[in-house]
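Colleague: Got a minute to go through this one with me? I'd like to talk about the side-chain contacts.

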Amino acid sequence: MTDTLHPARPIHPGVILRREMETREWTENMLSIKSDIPVWRIKKLLEGSVVTELVAVRLARAFSTSAEFWLNLQRIYDEAVAAKEKNT
């Protein structure tokens with residue numbers, strides 16, 4: 001029997017964002033107030049939009065993390081998607 005490794009499905013930072021919001025019982029409006037990110041932008045992030053440097057800084061402030069945390073999530077996601085596309 002040959003074991004074949006299959007890469008995990010890439011997880012977008014919006015998925016992590018949604019989980020963090022649910023854990024804290026925050027609505028999009030509450031996050032908007034805490035982060036100074038417009039509600040429409042938060043909705044886009046939750047739908048798969050890219051985490052920019054400015055958004056990362058604001059999310060870091062709201063969640064007491066670092067901007068690098070959010071930017072690394074985006075980078076890892078982008079690299080995984082690119083690798084998957086290369087292999088198909």
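**Rings and charges**

Modeller: Sure, and keep in mind that this is a predicted model. Let's start with the rings.

Colleague: How many aromatic pairs are there, and which residues do the ring pairs link into a cluster?

Modeller: Searching the whole structure turns up 3 aromatic pairs. The cluster that the ring pairs build consists of W26, F63, F69 and W70.

Colleague: Take F63 and W70: is that pair stacked, edge-to-face or tilted?

Modeller: Their ring centres are 5.7 Å apart, which is within the 6.5 Å needed for a pair. Stacked needs planes under 30 degrees apart and edge-to-face needs over 60. The planes here are at 45°, so the pair is tilted.

Colleague: And what about F69 with W70?

Modeller: The centres of F69 and W70 are 5.0 Å apart. The angle between their planes is 90°, and over 60 counts as edge-to-face. So this pair comes out as edge-to-face.

Colleague: Of F63, W70 and F69, which is partly exposed?

Modeller: Buried means under 20% relative accessible area. F63 has 4%, so it is buried, and W70 is buried too, at 1%. With 36%, the partly exposed residue is F69.

Colleague: Which residue lies over the face of W26?

Modeller: That one is charged, and its distance from the ring centre is 5.5 Å. It also meets E20 in a salt bridge, at 2.4 Å from N to O. The residue is R24.

Colleague: Why are E20 and R24 about one helical turn apart?

Modeller: Both belong to helix 1, which covers residues 13–24. E20 is partly exposed at 28%, and R24 is partly exposed at 32%. They sit about one turn apart because their spacing in the helix is 4 residues.

Colleague: How many salt bridges does the structure hold, and which residue does R75 meet in one?

Modeller: The structure has 4 salt bridges. R75 has its partner 4 residues away in helix 5 (residues 67–86), so about one helical turn separates the two. The N to O distance is 3.3 Å, and the partner is E79.

Colleague: How many residues separate R58 and D36?

Modeller: Their side chains form a salt bridge at 4.0 Å, N to O. The pair links distant parts of the chain, with R58 in helix 4 (residues 53–63) and D36 in the loop between helix 2 (28–35) and helix 3 (39–47). D36 is exposed, at 51%. The separation of R58 and D36 is 22 residues.

How values were computed. Residues are numbered from 1 along each chain as its sequence is written. This is a predicted model: local features need pLDDT of at least 70, side-chain atom pairs count only at pLDDT 80 or more; totals for chains, interfaces and linings use all residues. Side-chain values use heavy atoms; hydrogens and water are left out. Rings of Phe, Tyr and Trp (its six-membered ring) pair if their centres lie within 6.5 Å; planes under 30 degrees apart count as stacked, over 60 as edge-to-face and the rest as tilted. Buried means under 20% relative accessible area, exposed over 50%, partly exposed in between (1.4 Å probe, protein chains only). A charge sits over a ring if NZ of Lys or CZ of Arg is within 6 Å of the ring centre and within 35 degrees of the ring normal.
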